[in-house]
Every structure is written in C-alpha cells, then in structure tokens.
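Work through the exercises below with the sequence and the coordinates open. Each task is followed by a solution in steps.

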Amino acid sequence: MAHLLGVENIIVSFPTKDVFDDITVGINDGDRIGVVGRNGDGKSTLLKMLAKRFEPDEGKVTYRGGLRVGLLDQADRIDESLSVGSAVVGEIPEYVWASNPKVRDVIGGLLNDLDWNQTVGELSGGQRRRVALAALLVQDLDVVLLDEPTNHLDVEGVAWLARHLNSRWPASSGGLVVVTHDRWFLDAVCNYTWEVFGGKIEPFEGGYAAYILQRTERERSAAATETRRRNLLRKELAWLRRGAPARTSKPKFRIDAATELIAGEPEPRDRVALSKLATARLGKDVIDVESLDYSIDGKKLLSDITWRLGPGDRVGLVGVNGAGKTTLLRLITGEIEPSKGRVKRGKTVKVAVLSQDVRELDEFHGDRIHQLISRERAFFNVDKKEVSVTQLVERLGFTAAQLQTPIEDLSGGQRRRLQFLRLLFGEPNVLILDEPTNDLDTDILAAMEDLLDGWPGTLIVVSHDRYLLERVTDDQFALMGDGHLRHLTGGVDQYLQLRAHALGSSTNNHPTSASTDQVATESNSQTGKNSVAVSPKLSGAALRDAEKNLARVERALEKLSAEESQMHAQMAVHDQSDYAGLADFVARQQKLNEKRDALEIEWLETSQLLG
C-alpha cells in the first residue's frame with residue numbers, strides 16, 4: 001500500500017508535561033485509524049501535527065507530493081456571517097454540487113433539519129459542529145482527520161457517519177484518522193487503533209474490540225513479568241534485611257539492584273469497590289408516568305405517554321434531536337409539570353441527575369476538589385464500611401495529588417467525573433444520566449460502566465453512545481419525533497430501522513430535498529411498557545414459516561456466539577509476536593461481525609412480521 005504521510009522522531013513538550021517522546025508513525029492508503037487514550041495525553045495535538053497546524057519541538061511531518069489533508073478540530077472554525085449553504089459548498093453553483101452524489105449524501109445525512117439560508121451565527125453549538133463536519137466531508141481529500149466527530153450527533157447521525165466513511169474510504173483508497181470516545185463507532189469504521197499513552201503511540205490491528213483483546217493479552221504477559229519481578233523483589237528485600245551489621249558488608253551492586261526494584265514499587269493502596277456505594281432504600285413504587293402530555297408554545301411535544309419504572313430497572317432512552325428526551329427527564333424529576341396526566345414518584349425515591357451542563361460546578365469557583373467533596377461529607381459508606389474521600393475518588397481517575405486541583409482548572413472530562421462522583425455521594429436510588437459520555441475517554445468510560453454494572457438502584461440513561469446503552473441498560477425506549485414513547489424490543493438497531501422506514505423520504509429545507517408523506521405509526525394502548533407499532537400479524541402457513549425462520553436465526557446467532565468465544569480463547573493464548581496470525585484473527589472477527597449484522601437484521605424483520 002502507498003505511503004501517504006508520517007511523523008518521524010517527534011518530540012513535543014509543554015511547560016508541565018512531556019506529551020510525545022521520539023515517536024514515529026505513518027498512514028498508508030486504506031488505513032482507517034482510531035486514536036484512543038486518556039484525556040490530556042496528546043490525541044488532539046497528534047491530529048494538529050498531522051495536519052501541520054502544530055509544529056513539534058523536534059522531528060518532522062512528511063507528506064506525499066500533492067497530498068490533500070483536511071482536519072475537523074474541536075474549535076469549529078466557521079465564519080459566523082456565512083449562510084449554512086455558503087459555509088458548506090462555498091460559491092460552487094448549485095447545478096454543480098447538487099449533481100454530486102457525495103455532496104447530496106453529506107447534506108442529507110448531517111443538515112436535513114437546518115435552514116439552508118440561515119446564518120451560522122444563529123445556530124446552536126451542536127448545529128455549527130455538524131456544519132463544520134459537512135463542510136469538510138464535501139471536499140475531495142486524500143486524508144481526513146476527525147477530532148470527536150460524533151459529538152452532537154444522535155444515534156442515527158453516528159450510524160450515518162459510519163456508513164459514509166466506510167463507503168468513502170474503502171480498503172485501498174485514502175486515509176482516515178479519528179479521535180473519538182464512541183467505541184461502537186471505532187468498531188464500525190476503523191481497521192487500526194493507535195493508543196496514545198505515556199508519550200508513546202502503540203499500534204493495534206482492528207477496531208476497539210480487537211484493540212481491547214490485544215491490550216488485555218499484553219497486560220496479561222506484563223503481569224506475568226511483574227509477578228517474576230515481585231518475587232525477585234521479595235528475595236532482595238529479605239537479603240538486605242538480614243541484620244543491620246550484615247547490610248554494610250553487602251556487595252554494592254547488589255544493594256543498587258535492590259534499591260532500583262524498590263524505587264519503582266508504588267505504595268500499596270486499598271482499592272474501593274465503588275459499586276457497593278450505599279443507596280437509600282427503594283420501595284416497591286418508583287416512577288409511574290400516566291397518560292402524560294406536554295406542550296410548548298402551543299405545540300404538543302409529548303403525547304399520551306405511560307411509562308412505569310420499578311426498583312432496579314435499567315433503561316436507555318434514544319430519539320431524534322428535539323424529540324423531547326431531556327424534557328421527559330425534567331418531567332420525571334418534577335422540574336416541570338405536564339400539560340396533562342401525571343408523574344407519580346414513590347415515597348422513598350431519591351433522584352440524582354447528571355445533566356449535560358458542566359457549568360453546574362461554576363458556583364464552586366476558587367475551591368479545590370477535596371474542599372468541595374469534604375464540605376458535603378467527610379466519609380462515605382461502601383459495603384457497610386466507612387472510607388475516605390481519597391479512596392473513593394481514585395476509582396474514577398483522580399489521584400490523591402489531583403485532589404488539590406482548583407475546580408476552575410479542571411478539564412472538561414475531569415469536571416464531568418467530578419459531577420458524577422457528587423451524585424453518588426448523595427446516595428440516590430434513582431440515577432438519571434443525560435449524555436454521560438461527553439468529554440470522557442474510553443478508559444474512564446469503562447470505569448464508569450463497571451461502577452454502573454453493580455449499582456443497585458433504578459437507572460435511566462439518555463445517550464447516543466450505543467456501546468454504553470447496550471452495556472449498562474436492559475431495555476431501550478425511543479421518542480420517534482411523533483410525541484410517543486416506544487419500547488425497542490430489538491434495541492438500537494430496531495430504532496435505526498424504524499427511523500429509516502419513517503424518514504426515508506422526509507421533507508428537508510435545503511435545495512436537494514424532496515417532499516413526501518412521512519410514514520405514520522400508531523401508538524399502542526399504554527398499559528405498561530410501550531411497544532413499537534408493527535404490521536398486522538401473520539396467519540396460517542405464512543405464520544408457521546416466519547416462526548421457523550425466527551428459530552433458525554436464533555440458533556445461528558447462538559452458534560455464532562459460541563464460535564466467537566472459541567476464537568477469543570484461541571487469541572488469548574496466541575503468540576503476540578506472530579503478527580500474521582493476529583491479522584488472521586482480526587479478519588475472522590470482521591467476518592463474524594458482518595455475519596452477525598446480517599442475522600440480527602433478519603431477526604428484526606421476522607420479529608416485526610410476527611408482531
């Protein structure tokens with residue numbers, strides 16, 4: 001494959017941190033690279049270097065002759081006086097860009113709800129972000145660099161972007177580098193993963209799932225090495241401690257070797273099982289939403305919603321932007337009142353909400369982290385034991401030293417983590433998370449998911465992160481934009497399928513739009529969990545054939561799952577230096593993913609026929 005660009009012997013240092021230490025990496029034709037790592041480790045700096053917007057202290061960035069490179073950074077650099085149309089296609093005549101299928105696909109996928117003639121300055125932050133992404137994707141580029149492109153995109157938008165990028169840069173054409181915390185997106189798009197950590201870049205083959213498998217195996221090997229090192233450490237310590245008089249006669253090289261081992265040994269720390277954090281007792285009745293309507297400015301946003309949440313229920317909520325997800329959460333908490341119907345909360349319910357607004361911490365300007373937490377409580381009950389603030393907060397990435405950091409100096413991800421911790425300190429029994437993944441890196445997301453796995457209360461999650469929803473919730477519901485709430489028995493895939501059917505030919509307000517009738521769906525009677533409207537039930541031979549096909553697909557999925565588990569076991573013991581063998585595992589994993597996708601779509605279609 002042809003080489004496109006690369007960085008050679010790069011060194012980057014900031015006043016308080018060494019970001020990159022002598023790194024060399026390259027991008028070839030067909031590479032679709034996902035970049036992961038902790039916040040602050042240099043992911044965005046790497047993209048700016050690749051785009052030649054940032055000069056390293058040492059080393060160089062090289063391009064193939066005539067290479068066209070585009071970068072979507074987090075600044076969204078758009079002239080706010082421009083119209084949406086001018087910002088995206090510039091001065092190109094309409095008959096030129098409208099005849100380009102790539103441009104039409106981008107406009108339809110990202111801007112179908114925007115006024116083509118509206119100025120950029122009138123748009124919200126999320127809308128400006130989509131305009132910036134569209135303006136980049138309509139260009140003819142060889143390499144595209146995307147910094148958090150899924151921010152402000154809903155589930156449907158993320159799925160569209162994955163499809164667009166996969167069709168835009170096939171295995172033998174151009175290059176793509178994307179920084180994102182959306183692990184589903186990494187799996188759907190990337191064939192390589194770069195982990196930025198400790199001033200280095202470590203490459204892995206495959207998307208997020210393959211990266212985790214390989215990293216786990218490397219850590220297992222490292223753990224075996226560490227075990228051997230600890231055994232040596234204990235022997236050296238025992239040798240050194242054989243009496244003070246004897247120590248002075250030890251050979252100096254032996255003392256130096258033992259001292260080096262001891263110097264790298266961290267202080268022992270009792271890690272707290274945060275998932276056992278105490279919660280207030282939750283009664284039988286939690287939250288009942290009964291025949292609820294909500295209107296704003298004369299427009300009905302939510303219509304005839306009945307939703308019952310019991311103790312320990314774990315639900316995810318998805319929907320188009322503006323469908324009323326945040327409004328429904330505010331109705332549940334009692335922050336606003338419904339136009340009709342009621343929300344009944346149990347007597348013992350204690351709700352905590354993680355909102356999208358990190359400015360909630362602004363009132364603590366001048367405080368340090370430990371002051372904020374200690375002001376609320378000095379000790380916390382975990383598994384019926386009292387633990388300190390320091391023990392509790394380290395599970396979500398705060399070290400003891402960081403507790404001295406002023407709150408105004410925290411990064412977006414750190415503020416998000418501190419918000420989350422404050423909620424748990426109040427021992428709620430109903431937890432509502434509104435887009436909790438914003439500004440968090442993949443490792444912190446994994447820690448949050450581990451915590452939520454064992455959290456004993458009722459959980460409601462609103463998120464466009466499919467990976468998070470499928471990991472921490474048991475049921476998913478959707479607001480489809482028609483005011484009704486629907487239970488998604490087939491999960492997020494079913495939601496995307498319903499949206500595709502309903503809005504396949506929706507009315508858009510830019511020049512490439514075409515007007516058609518929107519597919520109508522009927523809301524089921526609300527006697528419990530809402531259900532998705534489906535086509536009439538089959539009968540006779542057609543019904544029997546559909547039932548047989550559904551059973552066949554389920555058996556095939558079970559067989560596929562067993563095959564995948566067996567392959568993962570083989571990968572865990574495979575020689576990590578055999579790169580050809582690892583590449584074969586990655587290729588087999590991709591084929592299994594494709595087969596599973598096809599079977600799941602067939603399962604959804606058959607399930608809908610059966611009603």
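**Exercise 1: the surroundings of β7**

β6 and β7 pair in the parallel sense, over 5 bridges. The model is a predicted one.

Task: find which residues of β6 and β3 bridge to valine 178, and decide whether β7 is enclosed or open.

Solution.
1. On the β6 side, leucine 146 has valine 178 of β7 as its bridge partner.
2. Strand β3 (residues 32-37) also runs parallel to β7, joined to it by 4 bridges. Here glycine 34 has valine 178 as its bridge partner.
3. The cut-off for a buried residue is a relative accessible area under 20%. In β7 (residues 175-179), 5 of the 5 residues are buried, so the strand is largely enclosed by the rest of the structure.
4. Splitting the strand by side puts Gly175, Val177 and Val179 on one face and Leu176 and Val178 on the other; both faces are covered.

**Exercise 2: helix α6**

Task: compare the end-to-end distance of α6 with its expected span, then state how many of its residues are buried.

Solution.
1. The expected span is 1.5 Å times one less than the number of residues.
2. For the 14 residues of α6 this should give 20 Å, and the end C-alpha atoms are 20 Å apart, which agrees.
3. 10 of the 14 residues are buried, so α6 is largely enclosed by the rest of the structure.
4. The buried residues include Val155, Trp160, Leu161, His164 and Arg168.

**Exercise 3: leucine 72**

Task: decide whether leucine 72 is buried or exposed, and list what it touches.

Solution.
1. Leucine 72 belongs to strand β5 (residues 69-72).
2. Its relative accessible area is 4%, so leucine 72 is buried.
3. Leaving out residues up to four places away in sequence, leucine 72 touches Arg129, Ala132, Leu133, Leu136, Leu145, Leu146, Asp147 and Pro149.
4. For a C-alpha distance, take alanine 135: 63 residues from leucine 72 along the chain, with 9.5 Å between the two C-alpha atoms.

**Exercise 4: aromatic pairs**

Task: count the aromatic pairs, then classify the geometry of the pairs phenylalanine 204 with tyrosine 211 and tyrosine 208 with tyrosine 467.

Solution.
1. With ring centres required to lie within 6.5 Å, the count is 6 aromatic pairs.
2. Phenylalanine 204 and tyrosine 211 have centres 5.0 Å apart and planes at 75°, an edge-to-face pair. Phenylalanine 204 is buried at 2% relative accessible area, and tyrosine 211 is buried at 1%.
3. Tyrosine 208 and tyrosine 467 are also edge-to-face, at 5.6 Å centre to centre and 85° between the planes.
4. Tyrosine 208 lies in helix α8 (residues 208-240) and tyrosine 467 in helix α16 (residues 466-472), so this pair ties together parts 259 residues apart in sequence.
5. Tyrosine 208 is buried at 5%, whereas tyrosine 467 is partly exposed at 30%.
6. Phe204, Tyr208, Tyr211 and Tyr467 make up one aromatic cluster.

**Exercise 5: positive phi**

Task: locate aspartate 22 and glutamate 148, and state the phi and accessibility of each.

Solution.
1. Most residues other than glycine have a negative phi.
2. Aspartate 22 has a positive phi of about 60° although it is not a glycine. It is in strand β2 (residues 17-28) and is partly exposed, at 42% relative accessible area.
3. Glutamate 148 has a positive phi near 55°. It sits in the loop between β6 (143-147) and α6 (155-168) and is buried at 12%.
4. Glycine 198 supplies a glycine case: its phi is positive, near 60°, in the hairpin of β8 and β9, which has 2 residues between the strands.
5. β8 (residues 192-197) and β9 (residues 200-205) run antiparallel and are joined by 6 bridges. In this pairing, phenylalanine 197 stands opposite lysine 200.

**Exercise 6: nonpolar cores**

Task: give the number of residues in the largest nonpolar core and in a second, separate core.

Solution.
1. The largest nonpolar core has 57 residues, and those with the most contacts inside it are Leu302, Trp307, Phe420, Leu431, Leu452 and Tyr495.
2. The second, separate core has 43 residues, among them Val144, Leu146, Trp169 and Cys190.

Note on methods: Residues numbered from 1 in each chain as written. Predicted model: local features only at pLDDT ≥ 70, side-chain atom pairs only at ≥ 80, totals over all residues. Heavy atoms only, no water. Phe/Tyr/Trp six-rings, centres within 6.5 Å; stacked < 30°, edge-to-face > 60°. Buried < 20%, exposed > 50% of the residue type's maximum accessible area, 1.4 Å probe, protein only. Core = buried A, V, L, I, M, F, W, Y, C linked by side-chain atoms within 4.5 Å. Pairing = 2+ DSSP bridges. Contact = heavy atoms within 4.5 Å.
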